[in-house]
Amino acid sequence: MKKSIDIELLWHLDQIVLPFPVTIITTVDKEGRINAAPYSLVIPFCASPETPQILLSCNSHWHTPHNIEATGEFVVNYPGAELCREVAETGRFYPQGVNELEYAKLSVIPSNKVKPPRIKECREHLECRVAQTIRPSKTQITFVADIVDISIDEKFLNLSRDERIREMNLPVYFGPSKGGGSTFGIIDEYKVFSPDIKPDFEKK
Ligand SMILES: Cc1cc2nc3c(=O)[nH]c(=O)nc-3n(C[C@H](O)[C@H](O)[C@H](O)COP(=O)(O)O)c2cc1C
C-alpha cells in the first residue's frame with residue numbers, strides 16, 4: 001500500500017530518499033578570491049553536443065550563488081570517494097572571501113575557459129557559464145549553465161566504461177543528517193543490470 005505524505009521544506013533531501021552526485025563547486029568573487037563548497041543538486045540539463053548544459057540549484061544565502069551571479073561562471077569538480085573528508089571540510093560555514101580549499105588541503109589548477117580554477121585531486125570537471133537564472137522560491141536560486149569545457153583525468157580515458165565507473169568510485173549524497181551533518185559516501189556494491197538492452201529505433 002502507498003501513502004501520500006504532506007510535502008515539507010526540503011522534501012527531496014529529507015522526506016524521500018534520492019541519490020545525488022557529490023561535487024565541489026569552485027567560483028571566484030569580483031576580486032578573484034576563490035570559494036569552494038559541496039553541491040549535489042547538479043543535474044545534466046541538455047545532452048546535445050551543440051548546447052551541453054547543467055542545472056545547479058543553491059540556497060540563495062550561500063557564497064557560491066553570490067559569486068556566480070557576480071561573475072557568471074563556475075566549475076563543477078567531481079571527487080572520488082577517498083575525498084569525502086575533504087568535501088565535508090569545504091562545506092563548513094567560513095566567512096565570505098575565505099578559500100575553503102586551503103582548509104581542505106586541496107590544490108588548484110587553472111581552468112581552460114573560465115576564471116574559477118579546477119580542483120587537481122578531483123577526477124572530472126565541467127567549466128560552466130550561466131545561460132539562465134531561475135528563482136523558484138525566496139530561498140532558492142537555480143542556474144542553467146552552458147558547459148564550455150569538460151576535462152577528465154587522462155588515466156581514466158583508456159579504461160572501458162565499466163572499469164571507469166568502478167575506478168572513479170564517485171560518492172553519492174542522500175541529504176542532511178539529523179545531527180546537522182550530511183549523509184554521503186559510497187554504495188558498496190556495484191552491479192550491471194541488463195547491459196544488452198538497446199533502444200528499438202530501427203523498428204519505427
Ligand atoms: C555533499 C553535500 C551536498 C550539498 N549540496 C548542496 C546543494 O546542492 N545546494 C545547496 O544550496 N547546498 C548544498 N550543500 C550545502 C552547502 O555546501 C553548504 O551550505 C556550504 O557551506 C555552502 O558554502 P558556500 O556559502 O561557500 O557556497 C551541500 C552540502 C554537502 C555536504
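Which of the 19 residues around the ligand come nearest? The legends below start with that view of this predicted model.

**View 1. The shell around the ligand.** Here we look at the 19 residues around the ligand, of which Ala 37, Leu 41, Trp 62, His 63 and Thr 64 come nearest. Four elements each give two or more residues to this shell: β3 (34-39), β5 (53-59), α2 (63-71) and β12 (182-185). Strand β3 provides the largest share, four residues. Sorted by class, the shell holds 11 nonpolar and eight polar residues, and no charged ones.

**View 2. Strand β9 and its partner β6.** Let us move on to the strands. Strand β9 (residues 124-137) runs antiparallel to strand β6 (residues 73-78), and six bridges join the two. A handy pair to look for is Glu 73, which stands opposite Arg 129 in β9.

**View 3. The hairpin of β9 and β10.** Strand β9 also pairs with strand β10 (residues 140-152), again in an antiparallel arrangement, through 11 bridges. Together β9 and β10 make a hairpin, and two residues lie between them. To find your way along this pairing, start at His 125, whose bridge partner in β10 is Ser 151.

**View 4. Helix α6 and the residue after it.** Helix α6 spans residues 161-168 and is hardly covered. How many of its eight residues are buried? The count is zero. Follow the chain just past α6 and you meet Asn 169, which takes a positive phi of about 50°.

**View 5. Leu 10, ahead of helix α1.** This close-up is centred on Leu 10, in the segment before α1 (11-15). Leu 10 is a residue other than glycine, yet its phi is positive, near 65°. Is Leu 10 buried or exposed? Leu 10 counts as exposed because 10 other C-beta atoms lie within 10 Å, and the cut-off for exposed is 12 or fewer.

**View 6. Lys 105, between α4 and β7.** Our last stop is the loop between α4 (100-104) and β7 (108-109), where Lys 105 has its place. Although Lys 105 is not a glycine, its phi is positive, at about 55°. Why does Lys 105 count as exposed? Lys 105 has 10 C-beta neighbours inside 10 Å, so it falls in the exposed class, for which the limit is 12 or fewer.

Conventions:
Residues numbered from 1 in each chain as written. Predicted model: local features only at pLDDT ≥ 70, side-chain atom pairs only at ≥ 80, totals over all residues. Near = placed C-beta within 6 Å. Nonpolar A, V, L, I, M, F, W, Y, C, P; charged D, E, K, R; others polar. Pairing = 2+ DSSP bridges. Buried ≥ 20, exposed ≤ 12 C-beta atoms within 10 Å, placed from the backbone.
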